[in-house]
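Open the model in your viewer and keep the sequence panel visible. The stops below go from strands to pockets to aromatic rings.

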Amino acid sequence: MVGLKIEDLKEFTSKLFVGGAFDSWLLREAEVTTFNVFTIDGRIRKRYFTEQEREEGQIGELSPWKLIRPFCYSLIRGKRLPESFRITLQLPAEGVERFLQSVQPEFGAEQVGGLYLNIRYEEQTLRCVTGISLKVFTMDKRIEHGWDAWMGQFLKEKGIAYIKE
């Protein structure tokens, strides 16, 4: 787990809420505080969809950020900045497999509960914290350290400047 302080708040939030930099990610949860606290649970309610929609749409457990992004953006845009927001994004399964191949190929993707990016804005400061969840116990920290490094590289590729904390 590593903490990253984002240097350019406007640039990051533009890429998060307007651009597509995080569109392939999944949303675990989001909370936006403005004049009210708005909470979004990213888990898909499968009964909402017909069986045909579930089969055709390849509906998973979590909502893609791309679908939720406009709702979150509508909550934060305006003349006043939000008081705070926190968003937890999860790398989708295909991304987990690619990540593991580059870091620890012998580790099975089914052993990973999730690879996360926790985004926190409060007191006019934005921080990202990496996180992992494994379904097995291991003393080996290659996945954790690899995820921290991978996230740093991801942010650099997206043109997002940060300071490691």
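How many of the 11 residues of β6 are buried? Select β6 (112–122). The answer is 8 of the 11, so β6 is largely enclosed by the rest of the structure. Here buried means under 20% relative accessible area, exposed over 50%, and partly exposed in between, with a 1.4 Å probe and protein chains only. Helices (H or I, at least four residues) and strands (E, at least two) are DSSP runs, numbered from the N terminus.

Before moving on, note that this is a predicted model, in which local features need pLDDT of at least 70 and side-chain atom pairs count only at pLDDT 80 or more, while totals for chains, interfaces and linings use all residues. Residues are numbered from 1 along each chain as its sequence is written, and side-chain values use heavy atoms, with hydrogens and water left out.

**Stop 1: the strands beside β6**

Keep β6 selected and add strand β5 (residues 84–90), which runs antiparallel to β6 and is joined to it by 7 bridges. Two strands count as paired if DSSP finds at least two bridges between them. Pick arginine 86 and look across to β6, where its bridge partner is arginine 120.

Now add β7 (residues 125–134). Between β6 and β7 there are 10 bridges, and the two run antiparallel. Asparagine 118 stands opposite valine 129 in β7, and tyrosine 121 has leucine 126 in β7 as its bridge partner. The two strands form a hairpin with 2 residues between them; in the turn, glutamate 123 has a positive phi of about 50°.

**Stop 2: along β7**

Select threonine 125, which is found in β7. Threonine 125 is buried, at a relative accessible area of 18%. Apart from neighbours within four places in sequence, threonine 125 is in contact with Lys5 and Arg120, where contact means heavy atoms within 4.5 Å.

Go to isoleucine 132 in the same strand, β7. Isoleucine 132 has a relative accessible area of 28% and is partly exposed. With neighbours within four places in sequence set aside, isoleucine 132 is in contact with Gly114, Leu115, Tyr116, Ile143, Glu144 and Trp147. For a distance check, draw a C-alpha to C-alpha line from isoleucine 132 to glycine 60: the two are 20 Å apart in space and 72 residues apart in sequence.

Then add strand β1 (residues 3–6), which pairs with β7 in the antiparallel sense over 3 bridges. Glycine 3 is the residue to pick, as it stands opposite valine 129 in β7.

**Stop 3: β2 and β3**

Select β2 (26–33) and strand β3 (residues 37–41); they pair in the antiparallel sense over 5 bridges. Alanine 30 stands opposite isoleucine 40 in β3. The hairpin that joins β2 to β3 passes through 3 residues.

**Stop 4: two pockets**

Pockets are found on a 1 Å grid over the protein atoms alone: a pocket is an open set of points with protein on both sides within 12 Å along at least five of seven lines, a cavity is a set where a 1.4 Å probe fits but cannot get out, and lining residues have an atom within 4 Å of a point. Grid points are joined across faces, edges and corners, and a volume is the space filled by probe spheres set on the points.

The largest pocket has a volume of about 410 Å³. Of its 18 lining residues, select Leu26, Gln90, Leu91, Ala93 and Gly113, which lie nearest its centre. The elements giving two or more residues to this lining are β2, α4 (93–103) and β6. The largest share, 4 residues, comes from β6.

The second largest pocket holds about 280 Å³ of space. Select Thr13, Phe17, Ile76, Leu81 and Pro82, the residues nearest its centre among 16 that line it. Both α1 (9–17) and α3 (65–76) supply at least two lining residues, and α1 gives the largest share, 5 residues.

**Stop 5: aromatic rings**

The whole structure has 15 aromatic pairs. Rings of Phe, Tyr and Trp (its six-membered ring) pair if their centres lie within 6.5 Å; planes under 30 degrees apart count as stacked, over 60 as edge-to-face and the rest as tilted. Select tyrosine 48 and phenylalanine 49: their ring centres are 5.2 Å apart and their planes at 85°, so the pair is edge-to-face. Tyrosine 48 is exposed at 69% relative accessibility, whereas phenylalanine 49 is partly exposed at 25%.

Finish with Phe12, Phe22, Trp25, Phe99, Trp147, Trp150 and Phe154, which form one aromatic cluster.
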